[in-house]
Amino acid sequence: MNVEMEERTPRPEKIVVVGLGYIGLPTAAALAVGGHVVVGVDLNEATVESVARGQVPFVEPDLQETLAQAISLGRLTTSTTIPPADVYILAVPTPYLEDHTADLSYVEAASRQVAAACRGGELVILESTCPPGATQFVADVFSETRPDLAVNNENSSSAMQFVHCPERVLPGRIMIEIKTNARIIGGLTTSAAERAKRIYESFCSGPIRLTDAKTAEMAKLVENSFRDVNIAFANELSLICETLKINVWELIELANQHPRVNILQPGPGVGGHCIAVDPWFIVASDPINSNLIRTAREVNDRKPAFVVQQLMNAVEEKAVPVVAILGLAFKANIDDLRESPAVEILRRALDVVPGIEFYVAEPHISTLPHDLVNEGRVELVETAVALDKSNIVVALVDHDEFQMISTDDLSGKTLIDSKGIFNNLVPAV
Ligand SMILES: NC(=O)c1ccc[n+]([C@@H]2O[C@H](COP(=O)([O-])OP(=O)(O)OC[C@H]3O[C@@H](n4cnc5c(N)ncnc54)[C@H](O)[C@@H]3O)[C@@H](O)[C@H]2O)c1
């Protein structure tokens, strides 16, 4: 595999990857194993030290092995400052601001630092998920910081080149998908896109399509908006079905029998840092024409409040309500609580139903977030304990472990099932 990768690398380049998070570190390791000489740069000293020791500072299957290989080949080193190189890849965060516009401050700061190290002729690849126009913004930051360097001139070998290459990997499968997914490279110039393609060919076996920078930026946002809009349709159906007293899970299963219908599953909301964020970048870019995309975001963002209302209704019917919360992660079978609707639901519930105990079953974590511990009314327990202690059960994540719950475990309890996991209960033995 490595031999094959090296054969496909026409000329090893010196590449600096800025930001060693979920995206930057796998990319740096894959590039090094693919034959390039890579320096991974991060502001966080603990991250840099950990990576230098060959230790991945977060959970991602198979990354540990690739990192160890990259380091033992002597092709991946780390730094807290940006050294000279041929190619720079920016993989820094792009959160959104309160008004839902993209916060490009990390991209801007990283661009200024890279610009300071450049000598002319380098290729800058923006991998961070960004609104349309961000690659041009990076080029503009370079022009401003380094007016001595030519930018985007197809006829000059010493001109700086800029592309956007969005990342589509799924956490938990990053090391597979980083090699096999199709990639889009959008250049501010054609020669920049062609040069970047040669870099990605060193570790990507998927098709690599070239386009302009703005189309590439938009493609990533559109992919996640497509998912968001389709989830919003399912979530809206779940609200309508509550009014009409119809089982939404059965309804969707029946409708999906149609050969050209494929409705997604409803849930407690949309979490994570991509699907719940990226559509806002489109809305901010063209607020007048993005009604459907904005409405989908709003529908999905309203779902946690709906689940909390269901819980409040259930609480009113019990003399001594005790609540089991099944799941806190933002999706099934992972430990990631970031931007999780389940966590939001628990936090809101603590506010609106005072004095009630919550028993949380989250098999993928060993400690609760501090603010929940500090509440004193929330205890992290085994699933069986949560079910045993409670008379109201709120299912928020479809972890495999919860699929093993039996009808007996739930007998006499009020069920709030935001993921449809109680539709196929295991009969008691
Ligand atoms: N995580 C995903 O699943 C995923 C998938 C596709 C796209 N993306 C996008 O990729 C980008 C990076 O996301 P991530 O999940 O890797 O973020 P992350 O928070 O895991 O990592 C970002 C890293 O950048 C570092 N950093 C910030 N500014 C820096 C600077 N000026 N110099 C050096 N290091 C700096 C931070 O210390 C951090 O370690 C974002 O735009 C995100 O939207 C993420």
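## Aromatic pairs and nonpolar cores

At 0% relative accessibility, Phe162 is buried in this predicted model.

**Exercise 1.** Classify the ring pair formed by Phe142 and Phe162, and place both residues in the chain.

*Solution.*
- Start with burial. Phe142 has a relative accessible area of 1% and is buried.
- Take the ring geometry. The centres of Phe142 and Phe162 lie 5.0 Å apart, with the planes at 70°.
- Apply the cut-off. Planes over 60 degrees apart count as edge-to-face, so Phe142 and Phe162 are an edge-to-face pair.
- Locate the residues. Phe142 sits in helix H6 (residues 134–145) and Phe162 in strand S6 (residues 161–164). They are 20 residues apart, and the pair links distant parts of the chain.

**Exercise 2.** Classify the pair of Tyr200 and Phe203, then state whether each residue is buried or exposed.

*Solution.*
- The centre-to-centre distance is 5.7 Å and the planes make 50°. The pair is tilted.
- Tyr200 is buried at 0% relative accessible area. Phe203 is buried at 1%.
- The structure holds 3 aromatic pairs.

**Exercise 3.** Describe the largest nonpolar core.

*Solution.*
- Count its members: 37 residues.
- Find those touching the most other members: Leu25, Leu31, Leu123, Ile125, Ile185 and Tyr200.
- Trace the elements. Those giving two or more residues include strand S1 (14–18), helix H2 (24–33) and helix H8 (190–200). H2 supplies the largest share, 7 residues.
- Look at Leu31. Leaving out residues up to four places away in sequence, its contacts include Ile15, Val17, Ile89 and Phe203.
- Set the second core apart. This separate core has 34 residues, among them Val114, Ala115, Leu126 and Trp280.

How values were computed
Residues numbered from 1 in each chain as written. Predicted model: local features only at pLDDT ≥ 70, side-chain atom pairs only at ≥ 80, totals over all residues. Heavy atoms only, no water. Phe/Tyr/Trp six-rings, centres within 6.5 Å; stacked < 30°, edge-to-face > 60°. Helix = DSSP H or I, 4+ residues; strand = E, 2+ residues; numbered from the N terminus. Buried < 20%, exposed > 50% of the residue type's maximum accessible area, 1.4 Å probe, protein only. Core = buried A, V, L, I, M, F, W, Y, C linked by side-chain atoms within 4.5 Å. Contact = heavy atoms within 4.5 Å.
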